[in-house]
Amino acid sequence: MSPLDRNPPVLRGQDGEGSVQVHQDAEAQIEGAKVFSVYGKGGIGKSTTSSNLSAAFSNLGKRVLQIGCDPKHDSTFTLTGHLQPTVIDILKEVDFHPEELRPEDFVTTGYNGVMCVEAGGPPAGTGCGGYVVGQTVKLLKQHHLLEETDVVIFDVLGDVVCGGFAAPLQHADRALIVTANDFDSIYAMNRIIAAVQAKSKNYKVRLAGCVANRSRETNEVDRYCDTVGFNRIAHMPDVDAIRRSRLKKKTLFEMDDEEDIVRCRAEYIRLAETLWNGTEGLAPAPMEDRDIFELLGFD
């Protein structure tokens, strides 16, 4: 029986009424680096945001590690130019004996020295994503790869619907939400805010704010933020250059100096500086479904 077939330990009741959360090993905590978890509705551009943010931090002279937390393992695709094997797949190859691995077996150095790791996930319909995150952090610590890292970015799969997807919040200092200027994206953001608020009762994580992505306007995002006490801290417009950069397997920082690209790079640098300098730990009050429909939904 492999470790993926066993039931991971859980922590019951500490993160809200009726919660059953994956318990992270206390020895696997990340120390020294500033840790950010990036969340948002599926397909909203979390990986593009995470990779360009990692590139921006690296251009500020920071030592960066990006951890993709999605079974399709494409978080670091634009940083490295290819799909990496996942930590879980590599552990399977050595029958879950991490002492047999070398750092180069599961870490790829990408654009401007950014260290890239793809955690992967358990087989579909089995296991827990939170367990995978915990094993990845533990492996990184065992190989001393976190000791000289300034920034760690978790790029997390989709909306928060279970303790597994929320597990990176147990490591993070700040959670960043990627949204768009539409109802579905803001509705997902509202759920993520509720998840982070639940985690913040027992962990250091706090909300940093949101990034309006692929959006010409930000009026709906701003209206929601004003209502609940949240902040929009960046705006990435809906420009074709961002789509083309992903097709070329590159970050925006490796693309030609077109006007739109230069403007977006500057916004990512500004966002990285904002996060590095420290943001206020926000505590917005998530809205009830009926209220958010009345605010942003149908008349």
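Leaving aside neighbours within four places in sequence, with which residues is Ser50 in contact? In the predicted model, Ser50 belongs to helix 1, and its contacts beyond those neighbours are with Val38, Gln66, Ile153 and Asp155. The relative accessibility of Ser50 is 0%, and the residue therefore counts as buried, the limit being under 20%.

The protein as a whole contains 10 helices and 10 strands. Of its 299 residues, 56% are buried. Among contacts with a separation of 6 or more, 74% are made by residues 24 or more positions apart.

Eight-stranded pairing is described next. An open sheet of 8 strands shows mixed pairing and follows the order 5-6-4-7-3-8-9-10. Strand 5 and strand 10 (232-236) form the edges of this sheet, each pairing on one side only. In general, the strands of a sheet pair through backbone hydrogen bonds, in either a parallel or an antiparallel manner.

Strand 8 (residues 174-179) is parallel to strand 3 (residues 34-40), to which it is joined by 5 bridges. Within this pair, Tyr39 has Ile177 of strand 8 as its bridge partner. Strand 8 is also joined to strand 9 by 6 bridges, again in a parallel arrangement. Here Thr179 stands opposite Ala212 of strand 9. All 6 of the 6 residues of strand 8 are buried, so the strand is largely enclosed by the rest of the structure. The side of strand 8 to which Arg174, Leu176 and Val178 point is opposite to that of Ala175, Ile177 and Thr179, and the residues of both groups are buried.

Strand 9 (residues 206-213) runs parallel to strand 10, and 4 bridges connect the two. Val211 has Ala234 in strand 10 as its bridge partner. Both of these residues recur in the description of the nonpolar cores. The largest nonpolar core comprises 52 residues, and those with the most contacts inside it are Ile67, Phe106, Leu140, Phe154, Tyr224 and Phe230. A second core, separate from the largest, has 34 residues, including Ala208, Val211, Ala234 and Leu275.

At the other edge of the sheet, strand 5 (residues 108-109) contains Thr109. Thr109 has a relative accessible area of 58% and is therefore exposed, the limit being over 50%. The C-alpha atom of Thr109 is separated by 9.2 Å from that of Leu65, although the two residues are 44 residues apart along the chain.

The space within the model was also examined. The largest pocket holds about 210 Å³ of space. Its lining consists of 16 residues, and Gly43, Gly45, Lys46, Ser47 and Lys72 lie nearest the centre. Two or more lining residues are given by helix 1 (46-59) and by strand 7 (151-156). Helix 1 provides the largest share of the lining, with 3 residues. By class, the pocket lining comprises 2 nonpolar, 7 polar and 7 charged residues.

The count of cavities of 30 Å³ or more is 1, and the largest cavity holds about 30 Å³ of space. Its lining is formed by Thr48, Asn52, Thr78, Ser245, Arg246, Lys250 and Thr251. Helix 1 and helix 8 (240-247) each supply at least two of these lining residues. The cavity lining has no nonpolar residues, 5 polar residues and 2 charged residues.

Two loop residues were examined for their backbone angles. Most residues other than glycine have a negative phi. Asn112, however, is not a glycine and has a positive phi of about 55 degrees. Asn112 is situated in the loop between strand 5 and strand 6 (115-118). The relative accessible area of Asn112 is 44%, which means that the residue is partly exposed, a class that lies between the limits of 20% and 50%. Lys249, likewise a residue other than glycine, has a positive phi near 60 degrees. The loop that holds Lys249 connects helix 8 and helix 9 (259-277). With a relative accessibility of 41%, Lys249 also counts as partly exposed.

Definitions and conventions:
Residues are numbered from 1 along each chain as its sequence is written. This is a predicted model: local features need pLDDT of at least 70, side-chain atom pairs count only at pLDDT 80 or more; totals for chains, interfaces and linings use all residues. Side-chain values use heavy atoms; hydrogens and water are left out. A nonpolar core is a set of buried Ala, Val, Leu, Ile, Met, Phe, Trp, Tyr and Cys residues joined through side-chain atoms within 4.5 Å. Buried means under 20% relative accessible area, exposed over 50%, partly exposed in between (1.4 Å probe, protein chains only). Helices (H or I, at least four residues) and strands (E, at least two) are DSSP runs, numbered from the N terminus. On a 1 Å grid over the protein atoms alone, a cavity is a set of points where a 1.4 Å probe fits but cannot get out, and a pocket is an open set with protein on both sides within 12 Å along at least five of seven lines; lining residues have an atom within 4 Å of a point. Grid points are joined across faces, edges and corners, and a volume is the space filled by probe spheres set on the points. Ala, Val, Leu, Ile, Met, Phe, Trp, Tyr, Cys and Pro count as nonpolar, Asp, Glu, Lys and Arg as charged, and the others, Gly among them, as polar. Contact means heavy atoms within 4.5 Å. Two strands pair if DSSP finds at least two bridges between them.
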